Amino acid sequence: MRIRPFERGHRGWVYYLAVDPDHRGSGRGAALMAEVEKRLIALGCPKVQLQVRPGNEEALRFYDALGYTPFSASSTGKRLILDD
Ligand SMILES: CC(C)(COP(=O)(O)OP(=O)(O)OC[C@H]1O[C@@H](n2cnc3c(N)ncnc32)[C@H](O)[C@@H]1OP(=O)(O)O)[C@@H](O)C(=O)NCCC(=O)NCCS
């Protein structure tokens, strides 16, 4: 397990949360997010945000269950190194 929450200004970001497929559905994801929130609060960071890929409905249901609320924002990016 590796948790490295970081914050810029008043937003803490969760970059990618994953639980081993063999251990999903037993509260580990919720426990990891609770730990992230605790550490961000300890840093004085009032808000946590993350991105979910379009179509990842399971992740959205998971975050919904934890009290997260979707909001609209535009993302943009550029690939610098092509995949093999
Ligand atoms: C999303 C993920 C991290 C959830 O981890 P988890 O350990 O299975 O989740 P938990 O067991 O802690 O679930 C907590 C609550 O979320 C909800 N939940 C979790 N997975 C769900 C699903 N697939 N569908 C609906 N609700 C779900 C449930 O309400 C659950 O509470 P309950 O078990 O009391 O009903 C895990 O499914 C995962 O690693 N997915 C692949 C990676 C991914 O998509 N990560 C998100 C990137 S943004």
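Q: What makes the pair formed by an oxygen atom of the ligand and a polar backbone atom of Gly25 a polar contact?
A: An oxygen atom of the ligand is 2.7 Å from a polar backbone atom of Gly25, and because a polar contact is a pair of N or O atoms within 3.5 Å, this pair qualifies. The model is a predicted one, in which local features need pLDDT of at least 70 and side-chain atom pairs count only at pLDDT 80 or more, while totals for chains, interfaces and linings use all residues. Residues are numbered from 1 along each chain as its sequence is written, and side-chain values use heavy atoms, with hydrogens and water left out.

Q: Which polar atoms of Arg24 and Ala30 are paired with an oxygen atom of the ligand?
A: For Ala30 it is a polar backbone atom, 2.8 Å from a ligand oxygen atom, whereas for Arg24 it is an N or O atom of the side chain, at 3.3 Å. The protein covers 71% of the 920 Å² of accessible area that the ligand has on its own (Shrake-Rupley method, 1.4 Å probe).

Q: How do you know which residues are around the ligand?
A: A residue counts if one of its heavy atoms lies within 4 Å of the ligand, and 20 residues are found around the ligand, with Leu17, Val19, Gly25, Gly29 and Ala30 coming nearest. By class, this shell holds 10 nonpolar, 6 polar and 4 charged residues, where Gly is counted among the polar ones. H1 and H2 each supply at least two residues of the shell, and H2 gives the most, with 6.

Q: Why is the space taken by the ligand called a pocket?
A: The ligand takes the space of the largest pocket, and a molecule sits in a pocket if more than half of its atoms lie within 2 Å of the grid points. The space is called a pocket because it is an open set of points on a 1 Å grid over the protein atoms alone, with protein on both sides within 12 Å along at least five of seven lines, whereas in a cavity a 1.4 Å probe fits but cannot get out. About 960 Å³ of space lies in this pocket.

Q: What makes a residue part of the lining of the largest pocket?
A: A lining residue has an atom within 4 Å of a point, and the largest pocket has 27 of them, with Tyr16, Leu17, Asn56, Ala59 and Tyr63 nearest its centre. Strand E2 (11-14), helix H1 (28-42) and helix H2 (57-65) are the elements that give two or more residues to this lining; H2 gives the most, with 4.

How values were computed. Points joined across faces, edges and corners; volume = space filled by probe spheres on them. Polar contact = N/O pair within 3.5 Å; in protein donor to acceptor, adjacent residues only side chain to side chain.
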